[in-house]
Protein chains: 2
Amino acid sequence: MENRTVILNCALELFAARGYDAVGVQEIAEAAGVTKPTLYHYFGSKLGLLHTLVETYHEPFLQRVELAAHYDGDLPRTLVETGAVFFHFARENPVYYRLQLALNFSPRGSEPWQVIAVWNERQRAQFETLFREAVRDHGNMHGRYVYYAAAFAGLINTCIGLWLNGSVELDEELLRSAMRQFQYGIYS
Amino acid sequence: MENRTVILNCALELFAARGYDAVGVQEIAEAAGVTKPTLYHYFGSKLGLLHTLVETYHEPFLQRVELAAHYDGDLPRTLVETGAVFFHFARENPVYYRLQLALNFSPRGSEPWQVIAVWNERQRAQFETLFREAVRDHGNMHGRYVYYAAAFAGLINTCIGLWLNGSVELDEELLRSAMRQFQYGIYS
DNA sequence: AACTCACTATACCGTCCGGTATAGTATCTG
DNA sequence: CAGATACTATACCGGACGGTATAGTGAGTT
């Protein structure tokens with residue numbers, strides 16, 4: 001495995017476990033078995049390393065979300081499929097998902113936050129589009145698509161957060177029951 | 001106002017805006033118009049300052065939650081009252097609520113995380129007690145009180161997070177609709 | 001007046017941080 | 001063999017960090 005990949009993997013583990021700020025460039029380099037200039041050769045800066053890391057994971061992820069979240073008239077099915085994409089991605093990349101969650105709650109405007117913000121914005125737009133289109137078919141949802149999009153994302157992240165802490169199993173059953181709970185609330 | 005209080009207020013603002021790690025002791029002291037030794041006289045360490053800060057806000061808050069979350073047979077009313085305590089506290093102390101949320105997503109095991117963890121554990125226990133007792137009256141909830149407690153907390157924090165970002169109004173209407181959505185999911 | 005005690009200012013400590021200047025090596029191309 | 005390119009090692013920079021040793025200062029007590 002090339003040094004570049006080794007550095008990315010080590011940085012992911014360290015950032016997720018102890019936070020972007022708390023991990024030094026020196027430490028990442030040592031864990032990867034290289035020296036600092038090598039790291040700076042590949043990524044330019046500590047922030048550039050984080051940027052590459054996030055892009056590597058988030059770009060293909062959001063592409064899959066894009067497909068699943070496309071509304072075609074069957075909202076329940078769309079929600080389940082979208083939730084399934086999130087659950088699947090979290091199960092495949094638990095360490096990255098933890099990092100991504102932490103990044104979302106770093107101080108607004110800080111450098112790590114800006115790195116994740118652009119991807120977050122894209123995901124938010126996907127969800128809002130989904131619920132805005134679904135409004136046409138469900139009159140009682142009018143004007144609340146912003147709230148529904150955020151609540152839907154919040155519910156998914158609550159489930160994944162619970163799983164990351166070992167409190168629940170992230171399986172088909174949880175997916176179905178969580179999506180059902182969400183929809184019962186919507187249609188009322 | 002005494003220096004001690006001024007330091008606490010300044011630390012709250014700075015920690016909430018830029019994060020515990022990113023704010024230096026020097027900066028807090030300057031903002032409060034005192035010098036570092038004064039700060040260390042009152043709080044012993046940077047972490048001690050955070051500890052005092054969290055305790056000052058969280059202790060009375062959780063006392064009020066304790067009262068509201070006491071189950072007396074009327075789950076819908078209890079949930080609304082509990083949610084109302086959270087909404088009210090967040091509206092009264094938005095800056096602290098933002099800090100507290102961020103602290104929850106700092107790296108597990110890190111010093112800032114440990115400070116908030118003990119209060120979080122207490123709140124989790126309160127919610128789990130509530131739902132465990134409610135299970136007796138609602139057979140279809142058996143064995144899921146851990147999930148319900150976490151999902152309830154997640155929903156509340158999703159609402160408050162939306163309000164902190166200016167996306168929604170944190171009013172009675174949102175409270176009612178969010179609690180209704182949660183319960184429709186439970187009773188199904 | 002003498003003493004205590006709570007508090008504050010000056011100046012400093014060692015350590016670690018992100019980042020870089022410089023020099024070198026291995027590999028591929030001609 | 002000569003040269004270029006891509007990568008890596010040694011050693012260092014200025015600065016900011018959390019924390020402290022020392023020396024006061026002012027108010028209350030006896």
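Colleague: In this predicted model, at what angle do the axes of helix α8 of chain A and helix α8 of chain B cross?

Modeller: Each of these two helices spans residues 145-164 of its chain. Their axes come within 9 Å of each other. The crossing angle is roughly 140 degrees.

Colleague: Are α8(A) and α8(B) parallel, antiparallel, perpendicular or oblique to each other?

Modeller: Roughly antiparallel would require an angle over 145 degrees, and the axes cross at roughly 140 degrees. The handedness of the crossing, in which α8(A) passes α8(B), is right-handed. As for orientation, the two helices are therefore oblique.

Colleague: Which residues of α8(B) are met by α8(A)?

Modeller: On the side of chain A, the residues in contact include Tyr147(A), Gly154(A) and Cys159(A). Their counterparts in α8(B) are Tyr147(B), Ala150(B), Ala151(B), Gly154(B), Leu155(B), Thr158(B), Cys159(B) and Leu162(B).

Colleague: How many disulfides are there over all chains?

Modeller: A disulfide needs two cysteine sulfur atoms within 2.5 Å. The sulfur of Cys159(B) has its closest cysteine sulfur in Cys159(A), 15 Å away, which is too far for a bond. Over all chains, the count of disulfides is zero.

Colleague: Is Cys159(A) buried or exposed?

Modeller: A residue counts as buried under 20% relative accessible area. Cys159(A) has a relative accessibility of 1%, and Cys159(B) likewise has 1% and counts as buried. Cys159(A) is therefore buried.

Colleague: Why do the buried residues of helix α2 of chain A lie on the same side of α2(A)?

Modeller: Helix α2(A) covers residues 25-32, and its buried residues are Val25(A), Ile28(A), Ala29(A) and Ala32(A). They are on the same side because the arc they cover around the axis is only 100 degrees.

Colleague: Which helices are included in what covers the buried residues of α2(A)?

Modeller: Just after α2(A) comes Gly33(A), which takes a positive phi of about 75 degrees. The cover over the buried residues of the helix includes three elements of chain A: α1 (3-18), α3 (36-43) and α4 (46-68).

Colleague: How is α4(B) oriented with respect to α5(B)?

Modeller: Helix α4(B), residues 46-68, packs with helix α5(B), residues 75-92, their axes being 9 Å apart at an angle of about 160 degrees. The contact involves Tyr57(B) and Phe61(B) among the residues of α4(B), and Val85(B) and Phe89(B) among those of α5(B). The helices pass in a right-handed crossing. Since angles over 145 degrees count as such, the orientation is roughly antiparallel.

Notes. Residues numbered from 1 in each chain as written. Chains lettered and ligands numbered in written order. Predicted model: local features only at pLDDT ≥ 70, side-chain atom pairs only at ≥ 80, totals over all residues. Heavy atoms only, no water. Buried < 20%, exposed > 50% of the residue type's maximum accessible area, 1.4 Å probe, protein only. Helix = DSSP H or I, 4+ residues; strand = E, 2+ residues; numbered from the N terminus. Arc of directions from axis to C-beta. Contact = heavy atoms within 4.5 Å. Axes fitted to C-alpha atoms, helices over the stretch in contact; angles between N-to-C directions. Parallel < 35°, antiparallel > 145°, perpendicular 65-115°, else oblique. Left-handed = near helix turned anticlockwise from the far one by under 90°.
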